[in-house]
Amino acid sequence: MRALQERLTSLPLRVKLTLGYTGVMAFVLAIVCVFLYLHFKAGLDQGIDEALALRAHDIAAVTRTGDPARVLRATGPPAGQIGDVAQVVDAHGRVVAGTASADTTVLLTADELAQARRRRIVRDRGERLRLLAQPVDADGRVVVVGVSLAQRERALETLAGALLIGGPLALLLAAGAGYALAAGALRPVEAMRRRAATI
């Protein structure tokens, strides 16, 4: 540790200034990258939730006025596959209508169903599926809609990869610019030092 301190002390001033500037820039870039990632993720989630809410509203309207089973059977992925899913659950917790991949097993837990009978809720199933549930009517029926998160995860992975590549490159450019600025600022001092040494 002491040897490292001595080595740092013996470095030229322009290098010390560059190291300090680079450290600050690394901290700022890290904060900016985290903010961009979280802001992008929040935007994606908001878009997904708005689309799910619209679909849930449509299914709830069909459920109140007619037979939702006929509509839901014709939509959604095949059984066993993850994709857009939807189901209507009655007051006893039974699925009365659903897409092919969600026509038997309730997508929500009993506690989540109880919450969904009072208000709209959104739940994630890891990184695979995002669910939105809301009450249909005063009879205790609930509509549940879900969408695969595969596209969202791919978009986030692409952004993370771009930030992991672009961040270090930006830091290298900033370090080079910092060194050039430090060298330019210290040039008069170096000239004065050389003059003094000559005298």
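In this predicted model, Val145 touches Leu52, Arg55, Ala56, Ile59, Val85, Ala86, Arg130, Leu131 and Leu132, not counting residues up to four places away in sequence; contact here means heavy atoms within 4.5 Å. Apart from the largest nonpolar core lies another core, of 12 residues, among them Leu129, Leu131, Val142 and Val144. A nonpolar core is defined as a set of buried Ala, Val, Leu, Ile, Met, Phe, Trp, Tyr and Cys residues joined through side-chain atoms within 4.5 Å. Buried means under 20% relative accessible area, exposed means over 50%, and partly exposed covers the range in between (1.4 Å probe, protein chains only).

The largest nonpolar core has 17 residues, and those with the most contacts inside it are Leu52, Ile59, Leu72, Leu132, Val143 and Val145. Two or more residues of this core are given by each of helix H2 (13-65), helix H3 (68-73), strand S1 (85-89) and strand S5 (142-148). Of these elements, H2 gives the most, with 6 residues. Helices (H or I, at least four residues) and strands (E, at least two) are DSSP runs, numbered from the N terminus.

The model is a predicted one, in which local features need pLDDT of at least 70 and side-chain atom pairs count only at pLDDT 80 or more, whereas totals for chains, interfaces and linings use all residues. Residues are numbered from 1 along each chain as its sequence is written, and side-chain values use heavy atoms, with hydrogens and water left out.

The protein as a whole contains 5 helices and 5 strands. Read along the sequence, these elements follow the pattern α-α-α-β-β-α-β-β-β-α. Of the 199 residues of the protein, 30% count as buried. Among the contacts with a separation of 6 or more, 53% are accounted for by residues 24 or more positions apart. The protein exposes about 12,500 Å², of which carbon and sulfur atoms supply 64%; accessible areas come from the Shrake-Rupley method with a 1.4 Å probe, and for residues only the protein chains shown count as cover.

Charged side chains were examined next. The structure holds 9 salt bridges, a salt bridge being a side-chain nitrogen of Lys or Arg within 4 Å of a carboxyl oxygen of Asp or Glu. In one of them, Asp49 pairs with Arg130, the closest N and O atoms being 2.6 Å apart. Asp49 lies in helix H2 and Arg130 in strand S4 (residues 129-135), so this pair ties together parts that are 81 residues apart in sequence. Both Asp49 and Arg130 are buried, with Arg130 at 10% relative accessibility.

A further salt bridge joins Glu112 to Arg125, with the closest N and O atoms 2.7 Å apart. Because Glu112 lies in helix H4 (residues 110-116) and Arg125 in strand S3 (residues 121-125), the pair ties together parts that are 13 residues apart in sequence. Glu112 is buried, with a relative accessible area of 10%, whereas Arg125 counts as partly exposed at 24% relative accessibility.

Arg130 also forms a salt bridge with Asp124, and here the closest N and O atoms are 2.8 Å apart. Asp124 counts as partly exposed, at 33% relative accessibility. In addition, salt bridges that share partners join Lys41, Asp45, Arg152 and Glu153 into one network.

Other features concern helices H2 and H5. Phe40 lies in helix H2 and is partly exposed, with a relative accessible area of 34%. The residues that Phe40 touches are Ala155, Leu156 and Leu159, not counting residues up to four places away in sequence. The C-alpha atoms of Phe40 and Leu159 are separated by 8.7 Å, although these residues are 119 residues apart along the chain. Thr158 lies in helix H5 (residues 150-198) and is exposed, with a relative accessible area of 57%. The side chain of Thr158 reaches the backbone oxygen of Arg154 at 2.9 Å.

A nonpolar surface patch of about 660 Å² is made by Val24, Phe27, Val28, Ile31, Val32, Phe35 and Leu36. Patches are made of residues with over 30% relative accessible area and no salt bridge, with like charges joined within 9 Å and nonpolar side chains (Val, Leu, Ile, Met, Phe, Trp, Tyr) within 5 Å. Within this patch, Phe35 lies in helix H2 and is exposed, with a relative accessible area of 54%.

Technical notes
A polar contact is a pair of N or O atoms within 3.5 Å; within protein, one must be able to donate a hydrogen and the other to accept it, and residues adjacent in sequence count only if both atoms are side-chain atoms.
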